[in-house]
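Biologist: Could you take me through the ligand site for a close look? I'd like to know what surrounds the ligand and how that part fits with the rest of the chain.

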Amino acid sequence: MDKKIIRAALLGFGTVGTGVYKVLQKQKEDMIPKLGSQIEIKKILVRNLEKAAAKVEDPAVLTNNWDEIVNDPEIDIVIELIGGIEPARSYILAALNAGKHVVTANKDLIAVYGKELLDAAEVHHVDFLFEAAVAGGIPIIRPLKECLAGNHMAEVMGIVNGTTNFILTKMTQDGMEFKDALALATELGYAEADPTADIEGLDAGRKVAILASVAFNSRVVFDDVYIEGITKITAKDIKYAKEMGCDIKLLGVAKNTEEGIEAYVCPMLIPSSHPLASVNDSYNAVFVNGDAVENAMFYGRGAGELPTASAVVGDLFDIARNIKANCCARIGCTCYKELPVKKMADTYSRYFMRLIVEDRCGVLAEMTAVFAKYGVSVAQIIQRAARAEESAEVVVITAKVREGDFRTAMEDLSGRSSVRKVSSMLRVYGE
Ligand SMILES: NC(=O)C1=CN([C@@H]2O[C@H](COP(=O)(O)OP(=O)(O)OC[C@H]3O[C@@H](n4cnc5c(N)ncnc54)[C@H](OP(=O)(O)O)[C@@H]3O)[C@@H](O)[C@H]2O)C=CC1
Ligand SMILES: N[C@@H](CC=O)C(=O)O
């Protein structure tokens with residue numbers, strides 16, 4: 001089909017929608033040489049026509065009526081950038097059912113309904129692409145599905161949320177307060193419409209579910225991922241981590257082990273010499289380990305208007321090429337295995353904890369004895385000078401231990417009168 005003009009519709013004209021519009025304008029001259037076709041945004045679905053009018057050359061492109069898009073046979077591609085589950089899910093399904101290709105950045109949706117959407121695309125022989133849903137501007141979905149397809153992947157992990165990485169960077173480097181750093185991340189367009197999704201680790205959890213599914217060819221959904229956010233991280237944790245030669249990063253980890261898939265998101269201490277420790281601001285980085293490629297790392301902006309638009313437009317161009325070639329990419333659902341997902345209690349890690357204990361002889365020995373009872377070895381212990389009320393602060397790093405055993409030890413310990421408070425408990429990445 002020699003289409004000179006390929007028409008698309010944008011749903012949502014917020015941070016990323018506006019970015020896509022701008023990138024397409026900048027690419028106007030290059031599309032014919034690059035693709036052999038011109039992509040034209042025929043309609044933009046918005047809720048408030050007046051608010052959006054200032055952002056477009058021709059306000060006639062704006063609509064608040066979805067039917068004008070789904071029922072328009074000239075529109076080949078729908079770009080969903082509304083976010084959230086509904087009405088995004090219904091719009092995407094209706095678009096696919098109408099034979100339209102779909103591009104989305106919506107990880108909330110894919111992490112739960114990915115299979116349903118990919119199946120619908122398959123039935124209707126259209127593309128459903130979502131490169132921007134994980135790690136913003138970094139290409140990672142297509143590399144995993146295509147360039148790295150000759151591997152059995154053992155691990156895919158990294159920093160996959162720009163907002164929290166920005167907040168932790170500002171707290172570490174500039175001593176900024178958590179709430180001020182979050183306000184700035186929101187202003188810069190990094191945060192989700194409800195930033196709770198970022199700071200509580202949910203957004204990263206959705207990305208880990210998607211990454212694990214694609215990397216291990218087995219469906220992992222949002223509910224399979226164990227999640228902790230960064231809201232409890234204090235300046236003191238960051239200071240102690242630094243003293244121990246580490247930084248604190250919100251890491252998303254997916255491992256393909258013989259006993260099943262491990263999938264979790266949590267703030268972790270990572271040695272400052274590790275490449276991930278120097279991934280700062282809204283940058284993301286994803287490490288993959290495969291049996292053929294060994295290690296590979298992908299690095300770039302994980303959030304924001306133009307970096308995210310870059311990934312969306314890449315998908316759009318791919319679809320335009322497929323339309324020109326009269327085919328669709330045929331790399332829909334790649335989950336052909338059914339691997340179990342392990343419980344967090346059965347994973348192994350080292351732990352960092354900060355406790356306020358009674359300041360008297362024998363307390364450290366008591367603590368070590370409790371840990372030993374549950375098979376937890378202490379690798380490093382720091383006791384700070386006595387504080388007011390005859391208490392002292394103790395920082396402990398354990399050797400690698402099963403999470404379930406560590407938790408039981410902590411329950412036992414925190415019930416003892418010598419332990420006044422468990423101030424923080426964080427995992428440590430690596431061996
Ligand atoms: N921002 C980022 O850095 C990244 C975002 N994403 C994902 O991209 C998607 C869009 O995010 P982002 O642009 O940041 O979000 P925004 O909140 O900035 O934009 C969403 C837009 O959708 C509009 N909208 C909501 N509901 C409807 C509806 N029913 N009909 C028409 N328009 C609607 C909103 O309108 P109104 O203005 O009226 O509220 C808003 O303008 C999300 O899925 C997000 O998770 C992915 C990677 C990075
Ligand atoms: N809120 C997200 C946006 C991109 O996915 C983030 O901060 O990473």
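Modeller: Happy to! In this predicted model, the shell around ligand 1 draws on two domains, with at least three residues coming from each of domain 1 (5–136 + 305–324) and domain 2 (141–301). In total, 26 residues surround ligand 1, and the closest are Gly12, Gly14, Gly83, Ala105 and Ala303. If you look for the element that gives the largest share of this shell, go to helix α1 (residues 15–26), which supplies 3 residues. For the chemistry of the shell, the count is 12 nonpolar, 11 polar and 3 charged residues.

Now for how this site sits in the chain. Besides domain 1 and domain 2, the chain has a domain 3 (347–428). The centres of domain 2 and domain 3, taken over C-alpha atoms, are 26 Å apart. Domain 2 puts 11 residues into the contact between them, and domain 3 puts in 9 residues. On the domain 2 side, α12 (235–243) and β10 (260–271) each provide at least two of the residues that touch domain 3. Of the elements on that side, β10 gives the most, with 6 residues. Sorted by class, the side of domain 2 that touches domain 3 holds 8 nonpolar and 3 charged residues, with no polar ones. So that you can set the two parts side by side, recall that the ligand shell does include polar residues, 11 of them.

Definitions and conventions
Residues numbered from 1 in each chain as written. Chains lettered and ligands numbered in written order. Predicted model: local features only at pLDDT ≥ 70, side-chain atom pairs only at ≥ 80, totals over all residues. Near = placed C-beta within 6 Å. Helix = DSSP H or I, 4+ residues; strand = E, 2+ residues; numbered from the N terminus. Nonpolar A, V, L, I, M, F, W, Y, C, P; charged D, E, K, R; others polar. Domains from an automatic or database assignment. Contact = placed C-beta atoms within 7 Å.
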